[in-house]
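Me: I'm new to this one and would like a close look at a single part, the nonpolar interior. Could you walk me through it, and then say a word about the cysteines?

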Amino acid sequence: MEPFDFVQPTSIHAAVQAGSKPDALFLAGGTELLNWMRIGIAQPRHIVDIGRLPELEGVQPLKNGGLLIGALTKLNDVAQHPLTVSGYPVLSQSILKAASAQIRNLATIGGNPLQRVRCAYFRAQEYTPCNKRFPGSGCAALHGFNEKHAIFGWTQDCVAVQPSDPAVALAALDAILHVQGPRGHRQIPATSFHVTPESDASAHTVLTAGELITAIELGSPWPQSAYLKIRERESYEYATVSVAVALRLEPHDPQIIREARVALGSVAMKPWRLKETEQQLAGLRLDDPRILEAVEAGFHDARALSRNAYKIKLSRNAVLRTIQTAARA
């Protein structure tokens, strides 16, 4: 581990200034950053501890019926908040499926989507070709161990997946990330936050130097929602495939889908929205056999790698199951 400077700013403005220095990284819960430093995928010269900024904590109801969640709010606090449980069960469930209870008591809702990709080559302690870690070196996973890698949006430059559970739910909920940086404030849709390899194989998110997530905004509630995480073991494991589904049913007939949101996790470098599936689900009854066709329509662009063709069928079945679970919520 390389030497670094450590600062604890007492305002968002001071944090952004400190975070704008070359090779600076923000420290919130620390559950990821310390890992990055240990295995060498990050060697910051400046660490900016934002843990003493209480204005970045808490869950507040908004006048439009939505929520504003401070970026430093601990994952367990978000998951167990009554407004999250009742209005956004998909988010609550996704958090409770993330990591362990101990980690969720430290990790923050703003830090979790910043996780780096899950790929053995990217996280290897010895050198292996990886464009994410060593730009221009190639992608060892392309023809290597890729059982858990992407089926959407991959290129020959990178086939890794984004592992965050809450990020999948936030994408399904059309959440907005509030960001403060050297150039001021901006709002980033959760669906546009992560970067796919076709845009930049070495990047993870659209954040620039010094930009700090300050809050996450949710729109009106989606009580008919659910999250499914499929993994090899029940704890301490990221998803092989995950699904976030949010439904609005017709008030006059709750067996009819009025509106749907479907996002997949661990299938791409970002939470992957099945837009075509969402469009075709609208107007269907929950027992309509065309729901299967609607789900399959979202997989027309799915492409398997050498060892992960099973993930396409697994993902389709997971979406079908989660639609029914969300409808019963």
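Reply: Let's start at one residue and work outwards, keeping in mind that this is a predicted model. Find Leu173 and look at what it touches: leaving aside residues up to four places away in sequence, its contacts are Tyr88, Val90, Leu91, Leu218, Trp222 and Ala246.

Now zoom out a little. Leu173 belongs to the largest nonpolar core, a set of 34 residues, and shares with Ile69, Leu91 and Leu218 the distinction of having the most contacts inside it. Several elements feed this core with at least two residues each: helices H3 (75–80), H5 (89–96) and H7 (165–172), along with strands E5 (67–70), E6 (176–181), E8 (212–218) and E10 (241–250). H7 is the top contributor, giving five residues. There's a second core too, lying apart from this one, with 30 residues that include Val262, Leu284, Leu286 and Phe299. As a general point, nonpolar side chains in soluble globular proteins tend to be buried together.

On to the cysteines. Searching the whole structure turns up zero disulfides. Take Cys130: the nearest cysteine sulfur belongs to Cys119 and sits 5.9 Å away, while a disulfide needs the two sulfurs within 2.5 Å, so this pair doesn't qualify. Cys130 is buried, with a relative accessible area of 7%. Cys158 isn't in a disulfide either, and its nearest cysteine sulfur, from Cys139, is 5.6 Å away. Cys158 counts as buried too, at 5% relative accessibility.

Note on methods. Residues numbered from 1 in each chain as written. Predicted model: local features only at pLDDT ≥ 70, side-chain atom pairs only at ≥ 80, totals over all residues. Heavy atoms only, no water. Core = buried A, V, L, I, M, F, W, Y, C linked by side-chain atoms within 4.5 Å. Buried < 20%, exposed > 50% of the residue type's maximum accessible area, 1.4 Å probe, protein only. Helix = DSSP H or I, 4+ residues; strand = E, 2+ residues; numbered from the N terminus. Contact = heavy atoms within 4.5 Å.
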